Amino acid sequence: MKLFFIFFLFKSLDSPFKELLPPDSFDFAVALISDVGNNFEPCGCGNPPFRGGELSKRAYVAKKLHEKYNTKILIFDTGNYVSPSSNREFLKIFRDILKIMKVKAMALGEREAFSSKEDIEYLVKELKYPFVNMNSDFKELLKPYEIFQIGKTKIYFTSYNPPRISNGFSDYELSVFEKLKKELKNKNSILLIVTPFFTELPFDTNLCVFNIIGNSINFEVSLKKEKGIYTLTVSRYGIYLPIIFFSNKNGVINVKKVVNIPLDNRIEKDSEIEKLRESWEKKKKREIEKLKKRLLRGN
C-alpha cells in the first residue's frame with residue numbers, strides 16, 4: 001500500500017498538467033494549436049521524446065482544458081493546421097477535428113496564404129473552416145478579425161501574412177489596422193494577431209497587442225515584450241501546446257503565466273480522433289490502390 005502511494009505521488013507530480021493554474025486565479029486564457037498539417041501521425045521531426053503532428057494528443061489536451069476552465073479559455077489555431085489538398089475527402093475529416101477540439105478561429109498560415117483562392121474558398125464556404133485574415137487578397141472571402149468576450153475582456157483575433165516582396169500595407173490592410181487601433185484604445189481589450197514570422201506592426205505602444213509567431217524554427221516556446229508589444233513564438237512542429245493565462249486589473253491586461261504542455265507519451269490519445277484516424281487510413285489506402293491501377297494502365 002505504501003509503495004502504491006509513493007508511485008501515485010510521483011506519477012501525479014510528473015503530470016504534464018501540473019503547472020496549470022486554478023480556474024479562479026486568472027481572468028481569461030488562450031491555448032494555441034500550431035503547425036499540425038494533414039497528419040494523424042507524429043512527423044518524426046522534433047527533438048526526442050517530442051514529435052509533432054499527432055492530433056489525438058492535441059485533442060486530448062484541448063478537451064482537458066475545456067473541462068477544467070469551461071468558458072474562461074479560447075483555443076485558436078496559429079496557422080498551417082491543414083494544408084489545402086486536392087483530396088477533399090481528407091479535408092472533411094479535418095473539419096470534424098476542429099469541432100472536437102472546439103477551435104474558435106484559425107489563422108491563415110503561410111502555406112495556406114499562398115494556396116489558390118479556390119482552395120481557401122472551399123475550406124471556408126463548404127467546410128466552414130473558421131479562418132480569419134486581414135490581407136487584402138482575401139478581403140472578399142474572410143473576416144478581417146473576430147471578437148470574443150470573456151467576462152469584461154474583449155479578445156480580438158486575426159492573422160496577417162506579409163508579402164514575400166515587401167511593398168508595405170495595402171489601403172485595405174491599413175484601414176483594418178486603424179479600426180483595430182480605435183477598438184483597442186478602450187480598456188479591457190486585447191489583440192491577438194498571428195504572423196508567420198516577426199513583422200513590424202503599426203500599433204502604438206500603449207495598446208495591448210499580442211503577436212503570435214506561427215512559423216518557428218525553434219523547438220521551445222518563447223515569450224518577450226518589447227516596445228509594449230508581447231511576442232510569443234510557438235514551438236516548431238507544434239511539439240508543445242502553449243496556454244497563456246491573462247489577468248485584467250482595472251482594464252489593464254497582462255500575462256500572468258505561460259504553461260507549455262509537452263505532447264509526449266504522457267499525453268493520452270483521444271478516442272474520437274482515433275476513430276477519425278481509422279477513416280483516414282482507409283481513405284488513404286483506397287487512394288493508393290487507385291494510383292496503382294492508374295500507373296499499371298499507364299495513365
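**Group meeting: a six-stranded sheet and the helix across it**

Strand β8, residues 209-213, runs parallel to strand β10, residues 229-233, and five bridges join the two. I begin with this pair, in what is a predicted model, and I shall work outwards from it. One pairing to keep in view is that of Ile213, whose bridge partner in β10 is Thr233.

Let me place these two strands in their setting. They belong to an open sheet of six strands, in the order β5-β6-β7-β8-β10-β9, with mixed pairing. Which strands stand at the edges? They are β5, residues 146-150, and β9, residues 222-226; each has a single partner strand, so one side of each is left without a neighbour in the sheet. From one strand to the next, the twist averages 20°.

I turn now to the helix that accompanies the sheet. Helix α6, residues 171-184, lies across β6 (153-159), β7 (189-195) and β8, and runs at about 150° to β7. Its length can be checked against expectation. The helix has 14 residues, and at 1.5 Å a residue these should span 20 Å; the end C-alpha atoms are 20 Å apart, which agrees.

Which residues of α6 are buried? They are Glu173, Val176, Phe177, Leu180, Lys181 and Leu184. Seen down the axis of α6, the buried residues fall within an arc of 140°, so they line one face of the helix. These buried residues pack against β6, β7 and β8. On the face turned away from the buried side, α6 carries the exposed residues Asp171 and Lys182.

Next, a single residue in the sheet deserves attention, namely Thr195, which is located in strand β7. Is Thr195 buried or exposed? Its relative accessibility is 1%; buried means under 20%, and Thr195 therefore counts as buried. A polar atom of the Thr195 side chain lies 2.9 Å from the backbone oxygen of Phe197. Setting aside neighbours within four places in sequence, Thr195 is in contact with Tyr160, Leu201, Asn211, Ile212, Ile213 and Gly214. Among these is Ile213, the residue that I introduced as the bridge partner of Thr233.

For a contrast with Thr195, consider Lys125, in helix α5, residues 117-126. Lys125 is partly exposed, with a relative accessible area of 45%. In sequence, Lys125 and Leu142 are 17 residues apart, while their C-alpha atoms are 9.9 Å apart in space.

Two backbone details may interest those who examine torsion angles. Lys102 has a positive phi of about 55°, although it is not a glycine. Lys102 is in the loop between α3 (88-101) and β3 (105-107). The second case is Tyr237, also a residue other than glycine, with a positive phi near 60°. Tyr237 is placed in the loop between β10 and β11 (240-249).

Finally, I offer the chain as a whole. It has seven helices and 12 strands. Of its 299 residues, 50% count as buried. Among contacts in the chain with a separation of 6 or more, 66% are between residues 24 or more positions apart.

How values were computed
Residues are numbered from 1 along each chain as its sequence is written. This is a predicted model: local features need pLDDT of at least 70, side-chain atom pairs count only at pLDDT 80 or more; totals for chains, interfaces and linings use all residues. Side-chain values use heavy atoms; hydrogens and water are left out. Two strands pair if DSSP finds at least two bridges between them. Helices (H or I, at least four residues) and strands (E, at least two) are DSSP runs, numbered from the N terminus. Axes are lines fitted to C-alpha atoms, for helices over the stretch in contact, and angles run from 0 to 180 degrees between N-to-C directions. Contact means heavy atoms within 4.5 Å. Buried means under 20% relative accessible area, exposed over 50%, partly exposed in between (1.4 Å probe, protein chains only). A polar contact is a pair of N or O atoms within 3.5 Å; within protein, one must be able to donate a hydrogen and the other to accept it, and residues adjacent in sequence count only if both atoms are side-chain atoms. The expected span of a helix is 1.5 Å times one less than its number of residues. The arc is that of the directions from the helix axis to the C-beta atoms.
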